[in-house]
Amino acid sequence: MNDSLLHINGLNAFFGTHQVLSNVDLCVRRGEKHALVGESGSGKTVLAQSIIRLNPALSLSGSLKFDGQDILLLPERALQKIRGRRIGMVFQEPMSALNPVQTVGTQIAEVLTLHMGLRRAEAWREATELLAQTGIHQPAQKMHAYPFQLSGGQRQRAMIAMAVAAKPELLIADEPTTALDVAVQAQILDLLSRLQHETGMAVLYISHDLRVVRRFADSVSVMRHGEVLESGACAEIFQAAAHPYTQSLIDAAPPPLDEAPSNGDIVLSTDALAVSISRKKNWLRRQSVPLLHPLHFTLRAGETLGIVGESGSGKTTLAKALLHLMPFSGSLNVLGNHWHDLRGKELTQHRRDMQIVFQDPFSALNPRMTVAEIVGEALTVHEPTLNAGEREERIIAALREVRLPEDIGTRYPHEFSGGQRQRIAIARALIVRPRILVLDEPTSALDVSLQKQLLQLLRDIQQRHRLSMIFISHDLTVIRAVAHHVLVLQAGQMVEYDTAQNIFNRPQNGYTQKLLSGY
């Protein structure tokens with residue numbers, strides 16, 4: 001095709017003898033926004049890496065033409081002139097992709113000096129302008145920031161600025177909105193659309209989020225087990241999918257929860273719970289900066305409280321305060337105990353009643369420990385008198401609870417998929433039989449089918465044990481599928497707190513209405 005920028009035909013990829021891509025055909029036209037969708041392990045990221053031959057462990061065969069040149073036939077020297085210059089890439093996790101010991105300004109300016117031949121001062125000015133174009137406030141100041149000093153949305157914008165700095169003809173965006181709240185997601189999508197419109201570049205957008213794809217893409221290709229099952233215009237794919245697998249992805253959104261709120265006993269209550277930090281104001285004085293303004297809410301046995309809000313709204317801060325992982329003021333009552341007054345061994349003893357599942361299980365699970373050691377670690381603290389046989393029985397029971405085979409105990413976290421690692425993290429939390437489970441974005445990096453499976457698993461566990469849950473998420477579809485009550489946070493303040501039905505059907509606050517408008 002004359003307007004074809006990227007044309008892939010019969011592409012195969014192997015890790016050693018293991019085939020990961022099979023006869024892939026894909027076409028991205030100039031100026032087009034093409035989405036590549038599929039579940040975890042479908043081969044989306046492997047295909048993206050193959051386009052710029054980023055992974056030397058991959059053996060490739062077939063045809064992979066960019067602007068008429070077969071990428072597979074080019075020497076490394078010629079590839080270096082294409083990577084970053086004619087093909088830019090936004091990686092899935094900017095915190096891992098950005099150099100932690102260089103400022104974001106240095107990293108963006110480096111692209112301009114290497115590929116555009118700009119002098120250092122000129123490159124710095126151009127990089128500052130690029131940051132400003134991505135919508136980052138105070139770009140001149142943020143140029144001197146290190147990646148850890150920026151929020152998730154800001155890091156993603158910095159990554160986009162670096163990827164488009166050399167004005168590429170093709171931008172590969174690998175899950176650029178994963179783990180971002182709906183408002184920041186919308187901003188990133190609008191930014192990509194604006195840059196694509198202004199520069200005329202093509203975008204290959206990789207995602208498992210069909211809601212985002214439907215809003216953003218002109219055309220779609222669906223992958224499964226390393227194969228492209230179907231391709232077509234976005235509207236046609238969503239209205240009349242030709243392949244049953246595509247239709248199953250479209251139908252995979254979890255259904256809304258139709259249960260009434262619990263009338264059980266109150267297991268957790270707060271009264272004016274607040275969090276502040278002390279920050280240096282000048283060389284003589286410090287000032288108190290509020291992170292969470294006074295909150296009042298309750299949680300009943302067998303009930304789920306959903307916590308929603310944009311990045312920086314205080315969701316994770318609230319989770320840490322509830323678990324007494326950071327200082328707070330006000331009252332926190334858990335199962336009749338005033339946690340504000342607990343210290344040392346007494347606090348450790350009561351912590352078994354409330355456990356947490358963190359957002360990223362790969363970071364939360366110790367890579368040097370086996371699954372059995374990870375899941376059973378809490379027993380060492382809370383039930384040290386168990387003998388080896390009893391301990392093994394408890395570990396096996398916890399793995400069965402989350403529907404994992406009992407023979408995985410000798411394996412390590414890196415040997416599992418994202419969904420399996422999250423189940424291991426849940427098993428670790430459940431093994432001490434808590435009454436309350438706090439889940440901080442547990443489904444943010446999972447595709448729709450895995451999300452649905454994990455949510456159903458959590459609902460089954462909740463019903464069996466009358467477990468109470470505090471579920472933090474930016475995904476309103478997920479919150480509607482699990483929550484009986486919803487608390488909406490904005491800049492550390494509770495702007496709305498009501499039943500899920502009222503929040504989703506009759507939101508009273510303007511901020512809540514804004515969040516739901518993108519839902």
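Is Leu516 buried or exposed? Leu516 counts as buried, at 15% relative accessibility. That residue has its own close-up below, and every view here is drawn from a predicted model.

**View A. Leu516 in helix α21 and the residues around it.** Let us start with the residue from the opening question. Leu516 belongs to helix α21, which covers residues 510–517. With a relative accessibility of 15%, Leu516 falls under the 20% limit and therefore counts as buried. Leaving aside residues up to four places away in sequence, Leu516 touches Leu476, Ile503, Phe504 and Pro507. One of these partners, Phe504, is twelve residues apart from Leu516 along the chain, and the C-alpha atoms of the two are separated by 7.4 Å.

**View B. His485 in strand β19 and its polar contact with Glu303.** His485 lies in strand β19, made up of residues 485–490. The relative accessible area of His485 is 17%, so this residue is buried. Its side chain makes a polar contact with the side chain of Glu303, at 3.1 Å. Glu303 also appears in the list of residues that His485 touches, along with Pro261, Thr304, Leu305 and Gly306. The same list holds Tyr497, Asp498, Thr499 and Ala500, and it does not count residues up to four places away in sequence.

**View C. Ala491 in the loop that follows β19.** Ala491 sits in the loop between β19 and β20, the latter being residues 493–499. Here is a backbone angle to look at: phi of Ala491 is near 50°, a positive value in a residue other than glycine. What is the relative accessibility of Ala491? The value is 55%, so Ala491 counts as exposed.

**View D. Helix α4 against helix α7.** Helix α4 (residues 104–115) and helix α7 (residues 152–164) pack with their axes 8 Å apart and at an angle of about 20°. Angles under 35 degrees count as roughly parallel, and α4 and α7 are therefore roughly parallel to each other. Their crossing is right-handed. From α4, the residues Val104, Gln107, Ile108 and Val111 meet Ala158, Ala161 and Met162 of α7. By class, the residues of this contact are six nonpolar, one polar and no charged.

**View E. Helix α7 against helix α8.** Helix α7 also packs with helix α8 (residues 182–199), at an angle of about 10° and with the axes 11 Å apart. That angle makes α7 roughly parallel to α8. As α7 passes α8, the crossing is right-handed. Which residues of α7 take part in the contact with α8? They are Gly153, Gln156, Arg157, Ile160 and Val164, and they meet Val184, Gln187, Ile188, Leu191, Leu192 and Leu195 in α8. The residues of the contact divide into seven nonpolar, three polar and one charged.

**View F. Lys167 in the loop after α7.** To finish, follow the chain out of the helix. Lys167 lies in the loop between α7 and β7, where β7 is 170–174. The phi angle of Lys167 is near 55°, which is positive in a residue other than glycine. Is Lys167 buried or exposed? Lys167 counts as exposed, because its relative accessibility is 53%.

Note on methods. Residues numbered from 1 in each chain as written. Predicted model: local features only at pLDDT ≥ 70, side-chain atom pairs only at ≥ 80, totals over all residues. Heavy atoms only, no water. Axes fitted to C-alpha atoms, helices over the stretch in contact; angles between N-to-C directions. Helix = DSSP H or I, 4+ residues; strand = E, 2+ residues; numbered from the N terminus. Parallel < 35°, antiparallel > 145°, perpendicular 65-115°, else oblique. Left-handed = near helix turned anticlockwise from the far one by under 90°. Contact = heavy atoms within 4.5 Å. Nonpolar A, V, L, I, M, F, W, Y, C, P; charged D, E, K, R; others polar. Buried < 20%, exposed > 50% of the residue type's maximum accessible area, 1.4 Å probe, protein only. Polar contact = N/O pair within 3.5 Å; in protein donor to acceptor, adjacent residues only side chain to side chain.
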